[in-house]
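The following exercises are to be worked with the sequence and the coordinates at hand. Each consists of a task and a solution in steps.

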Amino acid sequence: MRLGSTHYLAALAAIVVAACSTPRGGGAADAPARETETPGIAAAPFGREGDTPVQLYTLTNKNGLIAKISNYGAIVTELHLPDRNGRLADVVLGFEKLDGYLAGHPYFGAIVGRVANRIGNAEFALEGARYTLAANDKPHHLHGGRRGWDKVVWTAKTADTVDGPSIELTYISSDGEEGYPGTVTARTVYTLTNNNELKVEMEATTDKTTVVNMAHHSYWNLAGHDSGTILDHVLTLYADRYTPGTPMVPDGRVLPVAKTPFDFTAGKRIGQDVKAAGGNPTGYDHNFVVNGEPNRLRPVARLKDPESGRVMTLAADQPGVQFYTGNFLDGSHKGKGATYVQYAGLCLETQKFPNAINVPAWQDQVILRPGQPYRHVMVHAFSTEP
């Protein structure tokens, strides 16, 4: 199955031009393939969730980039990218074993749903009925509830496509699951393209009016997942406005970022204003309004680690992006030989606006009806600079 937008090629061309507008050094495409890296897909047992076996799939593109993805939670567990000198490093936070995910974690690398981010006071009204959800982030509902889509086993199907190795993951969420109405069939396709992109395509259909807002939740550290914090990364957000709230739950206001700590339009070091962003714990955990026409693939963000030279550009077709700096990481999660301290990774979750169902002007973003499929495309493009 191939998902996407009719505007994909034009918008992607635009972001590639933008990403290449500065001089580049030895990029990811220039990194020599290693003899042990055979392009394609491999699968291996990853443990069990209850009585259900879980698999770990390794995708390797023609340039030697490697992604590891589990059908538990549709989680990206590893992503290995070269630096400016061709040295590979794993740039996403996570665990080497399934047990780490089963023990509980802050959504490392997962697909979250049925509704990503927060629903205020864990309730909403839809077509005259009122629904009460789990207040798993008291008093609010977060990332689909106590057992959201990050905690279920998806059905996997792999394909070696002309674009690169790909895995399609499917999950059927039953009517009433976590308090939501309607049976929803959700699909996620990850493709590690031969153009050095991680393409994430999400789709959902329902048999009854419901709410859906899927998001991909990788924690990025372009210096390497075990390298410390992301405070020296330089971030550009193509967003002139953001949606404040009290706290972390947007209340319907849309404000300009100009002359505030939330202004990343010209690019700046993440640590520059992280304390001024406020919060408890302190840091960014805010939804930004992406410039341009919603529902068209367009530039969202550009992230660079000056030390390694790794660059990630992100394009997506959603109205917003949640920028989160790992504020709640406190050293209690130890994965892949690393201890993840505060600010050890950052998330760029393209999405509909959080709490949209409770804001009349935003409700239509997240309401999904039979015969009107939900679609969400995001493209992470990787390169290097001097």
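**Exercise 1.** Locate tyrosine 107 in the predicted model, and determine whether the residue is buried or exposed.

*Solution.* Step 1: tyrosine 107 belongs to the loop that runs between α2 (98-102) and β6. Step 2: the backbone of tyrosine 107 has a positive phi, about 65°, although the residue is not a glycine. Step 3: the relative accessible area of tyrosine 107 is 11%. The cut-off for a buried residue is under 20%, so tyrosine 107 is buried.

**Exercise 2.** Carry out the corresponding analysis for asparagine 196: in which loop is the residue found, and what is its phi?

*Solution.* Step 1: asparagine 196 is placed in the loop between β13 (184-192) and β14 (197-206). Step 2: phi of asparagine 196 is positive at about 65°, and this residue is not a glycine. Step 3: with a relative accessibility of 2%, asparagine 196 counts as buried.

**Exercise 3.** Identify the residues joined by the cis peptide bond with omega of about 15° and by the one with omega of about 0°, and assign each site to a loop.

*Solution.* Step 1: the bond with omega of about 15° links glycine 113 to arginine 114. Step 2: arginine 114 lies in the loop between β6 (110-112) and β7 (118-119). Step 3: the bond with omega of about 0° links lysine 138 to proline 139. Step 4: proline 139 is in the loop between β9 (129-132) and β10 (141-142).

**Exercise 4.** Describe the surroundings of glycine 182, and state which residues it contacts beyond four places in sequence.

*Solution.* Step 1: glycine 182 is situated in the loop between β12 (165-173) and β13. Step 2: its relative accessible area is 0%, and glycine 182 is therefore buried. Step 3: once neighbours within four places in sequence are set aside, the contacts of glycine 182 are Arg114, Ser173, Ser174, Asp175, Gly176, Thr206, Asp207 and Lys208. Step 4: one of these partners, Arg114, is the arginine of the cis bond with glycine 113. Step 5: for aspartate 207, the C-alpha atom lies 5.8 Å from that of glycine 182, with 25 residues of sequence separation.

**Exercise 5.** Determine the setting of glycine 320 and of proline 354, and name a residue that appears among the contacts of both.

*Solution.* Step 1: glycine 320 is part of strand β24 (residues 320-324), and its relative accessible area of 0% makes it buried. Step 2: beyond four places in sequence, glycine 320 contacts Asn287, Phe288, Val290, Glu349, Thr350, Gln351 and Phe353. Step 3: the C-alpha atoms of glycine 320 and glutamine 351 are 5.2 Å apart, while the two residues are separated by 31 residues along the chain. Step 4: proline 354 occupies the loop between β27 (347-351) and α3 (363-366), where it is buried at 3% relative accessible area. Step 5: with residues up to four places away not counted, proline 354 touches Asn117, Arg118, Pro250, Asn287, Gln322 and Trp362. Step 6: Asn287 appears in both lists. Step 7: proline 354 and asparagine 213 are 141 residues apart in sequence, and 8.7 Å separates their C-alpha atoms.

**Exercise 6.** Establish whether leucine 102 is buried or partly exposed, and list its contacts beyond four places in sequence.

*Solution.* Step 1: leucine 102 is in helix α2. Step 2: its relative accessibility is 36%, and leucine 102 accordingly counts as partly exposed. Step 3: leucine 102 touches Arg48, Glu49 and Tyr72 when residues up to four places away are left out. Step 4: from leucine 102 to serine 227 the C-alpha distance is 25 Å, at 125 residues of sequence separation.

**Exercise 7.** Summarise the chain as a whole, and state where the model calls for caution.

*Solution.* Step 1: the chain contains three helices and 29 strands. Step 2: its radius of gyration, 19 Å, is close to the 21 Å given by the globule rule for 386 residues, so the chain is as compact as a globular protein of that length. Step 3: buried residues account for 59% of the 386 residues. Step 4: of the contacts between residues at least 6 apart in sequence, 67% join residues at least 24 apart. Step 5: the mean pLDDT is 92, and 90% of the residues reach 70 or more. Step 6: over residues 1-36, however, pLDDT stays under 50. Where pLDDT is low, predicted coordinates should not be read in detail.

Conventions:
Residues are numbered from 1 along each chain as its sequence is written. This is a predicted model: local features need pLDDT of at least 70, side-chain atom pairs count only at pLDDT 80 or more; totals for chains, interfaces and linings use all residues. Side-chain values use heavy atoms; hydrogens and water are left out. Helices (H or I, at least four residues) and strands (E, at least two) are DSSP runs, numbered from the N terminus. The radius of gyration is taken over C-alpha atoms; the globule rule is 2.2 Å times the number of residues to the power 0.38. Buried means under 20% relative accessible area, exposed over 50%, partly exposed in between (1.4 Å probe, protein chains only). Contact means heavy atoms within 4.5 Å. pLDDT is the predictor's confidence in each residue, from 0 to 100.
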